[in-house]
Amino acid sequence: MKIPFLSLTFCFATFALGAAVLLKDEVEALREIAKTLGKTDWNFNGDPCSGGSGWVDPVDGSKENNLTCDCSFSSGTMCHVVSIILKGQNLAGTLPPDFAGLPYLQNVTTHNRDTTCCT
């Protein structure tokens, strides 16, 4: 009876240790993007690729907040940001050069009348 318990414990420990996470450089790029755009609801206490609140929120009318990651890198232990959707959030300013710190980013959608791109 102890053998299945030990196997199960080992399985959960392995899963926890091998959980996919976003690279530190990409987290820092997201921090700078949030700071520049005045985005205050991203929760940096958790992994941005976790799908937690602040990173992926239900569409609410014309507002949408969604950060999508691809976690298939390095045998499923590493994630990269591939899409950011920030619709209807009244973010002002220019899209910051910090987006270059997200090398796998394929899509950025803002739909803000006060946000311009690429100066």
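On one side of helix 2, Lys24, Asp25 and Lys35 are exposed, and this is the side away from the buried residues. The model is predicted. Its protein chain has two helices and seven strands. This briefing starts with helix 2, then moves to the core, the disulfides and a loop tyrosine.

**Helix 2**

- Glu26, Val27, Ala29, Leu30, Ile33, Ala34 and Leu37 are the buried residues of helix 2.
- Looking down the axis of helix 2, these buried residues fall within an arc of 160°, so they line one face of the helix.
- An α-helix has 3.6 residues a turn, so residues three or four places apart point the same way.
- The buried residues of helix 2 pack against four strands: strand 1 (21–22), strand 3, strand 4 and strand 5 (93–94).
- Helix 2 has 14 residues, and at 1.5 Å a residue it should span 20 Å. Its end C-alpha atoms are 20 Å apart, which agrees.
- Glycine 38 follows helix 2. The phi of glycine 38 is positive, near 75°.

**The nonpolar core**

- The largest nonpolar core holds 19 residues. Leu22, Leu30, Trp42, Val81, Ile84 and Leu102 have the most contacts inside it.
- Two elements give two or more residues to this core: helix 2 (24–37) and strand 4 (78–87).
- Helix 2 gives the most to this core, with six residues.
- In soluble globular proteins, nonpolar side chains tend to be buried together.
- What does tryptophan 42 touch, leaving out residues up to four places away in sequence? Its partners are Leu30, Ile33, Ala34, Gly54, Trp55, Asn65, Ile84 and Leu86.

**Two disulfides**

- How many disulfides does the count come to? The count comes to two.
- One disulfide joins cysteine 49 to cysteine 69, with an S to S distance of 2.0 Å.
- The torsion about the S-S bond of cysteine 49 and cysteine 69 is about -75°, so this disulfide is left-handed.
- This pair links distant parts of the chain, 20 residues apart. Cysteine 49 sits in the loop between helix 2 and strand 2 (56–60), while cysteine 69 is in strand 3.
- Cysteine 49 counts as buried because its relative accessibility is 18%, under the 20% cut-off.
- Cysteine 71 and cysteine 79 form a disulfide too, their sulfur atoms 2.0 Å apart.
- The torsion about the S-S bond of cysteine 71 and cysteine 79 is about 105°, so this disulfide is right-handed.

**Cysteine 71 and its surroundings**

- Cysteine 71 lies in strand 3 (residues 63–73).
- Is cysteine 71 buried, exposed or partly exposed? At 29% relative accessibility, cysteine 71 counts as partly exposed.
- Cysteine 79 is buried, with a relative accessible area of 1%.
- Cysteine 71 touches Ala20, Cys49, Gly76, Met78 and Cys79, leaving out residues up to four places away in sequence.
- Cysteine 71 and leucine 22 are 49 residues apart along the chain, and their C-alpha atoms are separated by 8.1 Å.

**Tyrosine 104**

- Where is tyrosine 104 found? Tyrosine 104 is in the loop between strand 5 and strand 6 (107–109).
- Tyrosine 104 is partly exposed, with a relative accessible area of 36%.
- Tyrosine 104 touches Glu26, Phe73, His80, Val81 and Val82, again leaving out residues up to four places away in sequence.
- The C-alpha atoms of tyrosine 104 and valine 82 are separated by 5.4 Å. Along the chain, these two residues are 22 residues apart.

**The whole chain**

- From the N terminus on, the elements of the protein chain run α-β-α-β-β-β-β-β-β.
- The protein chain has 119 residues, and buried residues make up 29% of them.
- Take the contacts in the protein chain with a separation of 6 or more. Residues 24 or more positions apart account for 48% of these contacts.
- The protein chain exposes about 7600 Å². Carbon and sulfur atoms supply 59% of that area.

Terms used. Residues numbered from 1 in each chain as written. Predicted model: local features only at pLDDT ≥ 70, side-chain atom pairs only at ≥ 80, totals over all residues. Heavy atoms only, no water. Buried < 20%, exposed > 50% of the residue type's maximum accessible area, 1.4 Å probe, protein only. Contact = heavy atoms within 4.5 Å. Areas by Shrake-Rupley, 256 points an atom, 1.4 Å probe, with all protein chains shown as cover. Core = buried A, V, L, I, M, F, W, Y, C linked by side-chain atoms within 4.5 Å. Expected span 1.5 Å × (residues − 1). Arc of directions from axis to C-beta. Disulfide = S-S within 2.5 Å.
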